[in-house]
Amino acid sequence: MENVTVLGAGSWGTALAIVLAENGHHTLLWTHREEQAVEINEHHTNQKYLPETNLPNNLVATSHLEKAIDHSDVVVVAVPTKAIREVCEKMMTFLNKKVLFVHVSKGIEPNSLMRISEMLQESLSADVIEEIVVLSGPSHAEEVVLHHPTTITAASKNLSAAEKVQDLFMNQYFRVYTTDDVVGVELGGALKNVIALAAGISDGLNYGDNAKAALITRGLAEITRLGVKMGGNPFTFSGLTGMGDLIVTCTSVHSRNWRAGNMLGKGMKLEQVLDQMGMVVEGVRTTKAAYQLSQEYKVPMPITTALYDVLFNDKEPKIAVDELMIRTKKREINDLQ
Ligand SMILES: NC(=O)C1=CN([C@@H]2O[C@H](COP(=O)(O)OP(=O)(O)OC[C@H]3O[C@@H](n4cnc5c(N)ncnc54)[C@H](OP(=O)(O)O)[C@@H]3O)[C@@H](O)[C@H]2O)C=CC1
Ligand SMILES: O=C(CO)COP(=O)(O)O
C-alpha cells in the first residue's frame, strides 16, 4: 500500500481520496481551510461538498500543506484550474524531492492558453517533477462515492507512470484505462465543459432533445477539429475522455456546468448563477480560452463562439441559437475534417 496525498477537498478531491483510502492506501487530504480538516478528522464528513457521504475512518485531512507533501511521493492535484498556480507557488517554497503529480482538473488557462500539465510544468521546477499523469473521464463525484460503476483514463507520455496511477485507483467500481495522449485527454476534459454550458442553456430554453443531441454531436466535431490541430489523437475524442465525458456532462443533473447553463437559459445573469452555484464552473473561464484558441489555430468553433458572446458580450441565448441555425449551408462530414 502506498502513501498518497490529495490536494483540494472539494467534491472531486474528496471522492478520489475516498477511492484511494478504500483501496487501502494511506491517504492524506489537504484542504486550505482548517475547520474543514477538523470536520473530516472528527466527524468523517464533508458537508459542503458531499453532504450525504460518510468518509472512511482511515482518510485523514490536514490544512498543513508542507505536512501533506512530506507524507507522499504521489500528489493528486484536485483544485480548480484557477487555483493551480497559487498552490504550486506555495509548494515550491519547500518542495525538495521528486513527486509523481496526478492532476484531475478540467480547464485551460485563458490568455496563456495552457493546458493544466503545461501550467504545472511552468509553475513547478523540473527538479521536483518525476512525471505528470492526467486522470480524466466521465466521473461525477456524487456517483463515485455511491460506488456506481465508473470508467476513467490515466494519461501520461510515460505509460509506466500512467500504469502506476491505474494501479493506485483501480477497483471493483472504478475502472481505469491508460493512454499516452496527454494533449487529447486534457483538451477533451476541458472543452466538454463549454459544450455542457451550451447544452444547459438549450435545456433552460426548453429546446428539447433534438437540440441537445445536435449540441453534443456538433460540439464533439468542433472539439475534435481543434484538438487534432493541437496534436491530439483523433480517436481520443471519441473515447472516455472525449465523447464519454461530453455525454455525462451535457446530460447529468450532477454537472455544475450543465446546471449553470440551465440557469442562464432560464434568464439568470452570469454573476447571479456563479454566486448561486458555490462550486467551480470550469466552463466559464474555459469558454474564453477556447474562443482564444479557435482564433489562434484558425479553427471554426461556432458553438464555442456563440457561448462566448452569451457569457462575455451579453448576447441573448435565444438570439445566439437563432444565429447558429442560419449560418451558411455545410456538408456534415467535410466540416468534421
Ligand atoms: N466534481 C466532479 O465530479 C469532478 C470534478 N473534476 C474537476 O476537478 C477540479 C476540482 O473540482 P471540484 O472538486 O468539483 O470543485 P469544487 O468546487 O467542488 O471544490 C473546489 C475545492 O478547491 C478548493 N480551492 C479553491 N481555491 C483554492 C485555493 N486557492 N487553494 C486551495 N484550495 C482551493 C475549494 O476550497 P473552498 O471550499 O474553500 O472554496 C474546494 O475545496 C475541477 O477542475 C473539475 O473540473 C473532474 C472530474 C469530476
Ligand atoms: O467533469 C465532470 C464529470 O466528468 C464534472 O463536470 P462538472 O464540473 O460540470 O460537474
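Here a trainee and a mentor talk through a predicted model of one chain and its two ligands.

Trainee: What makes this chain as compact as a globular protein of its length?

Mentor: Set the value against the rule. The radius of gyration is 20 Å, and the globule rule gives 20 Å for 337 residues, so the chain counts as compact as a globular protein of that length. The C-alpha trace spans about 60 × 35 × 35 Å along its principal axes, and the secondary structure comes to 16 helices and eight strands.

Trainee: How do you know what share of the chain is buried?

Mentor: You count neighbours. A residue is buried if 20 or more other C-beta atoms lie within 10 Å of its own, and 51% of the 337 residues count as buried.

Trainee: Why is strand S5 called mostly covered?

Mentor: By that cut-off of 20 or more C-beta atoms within 10 Å, four of the five residues in S5 (residues 99–103) are buried. That's why "mostly covered" fits.

Trainee: And what makes S4 and S5 a pair?

Mentor: Pairing takes at least two bridges between the strands. Strand S4 (residues 74–77) has four bridges to S5, so the two pair, and they run parallel. Val77 stands opposite His103 in S5.

Trainee: On to the ligands. What puts a residue in the shell around ligand 1?

Mentor: Its C-beta atom has to lie within 6 Å of the ligand. For ligand 1 there are 28 residues around it, and Gly10, Trp12, Ala83, Ser105 and Met279 come nearest. Helix H1 (11–22) and helix H4 (81–92) each give two or more residues, with H4 giving the most, four.

Trainee: How do the residues of that shell divide by type?

Mentor: Into 12 nonpolar, 11 polar and five charged. Gly counts as polar here, so Gly10, one of the nearest residues, falls in the polar group. At least three residues come from each of domain 1 (3–182) and domain 2 (190–336).

Trainee: Why is ligand 2 said to lie between the domains?

Mentor: Because domain 1 (3–182) and domain 2 (190–336) both give residues to its shell. Of the 14 residues there, Ser139, Thr249, Ser255, Arg256 and Asn257 come nearest. Helix H8 (182–204), helix H10 (240–251) and helix H11 (256–265) each give two or more, and the largest share, three residues, comes from H10.

Trainee: How many residues of the ligand 2 shell are charged?

Mentor: Four, alongside three nonpolar and seven polar. Arg counts as charged, so Arg256 is one of the four.

Terms used
Residues numbered from 1 in each chain as written. Chains lettered and ligands numbered in written order. Predicted model: local features only at pLDDT ≥ 70, side-chain atom pairs only at ≥ 80, totals over all residues. Rg over C-alpha atoms; globule rule 2.2 N^0.38 Å. Buried ≥ 20, exposed ≤ 12 C-beta atoms within 10 Å, placed from the backbone. Domains from an automatic or database assignment.
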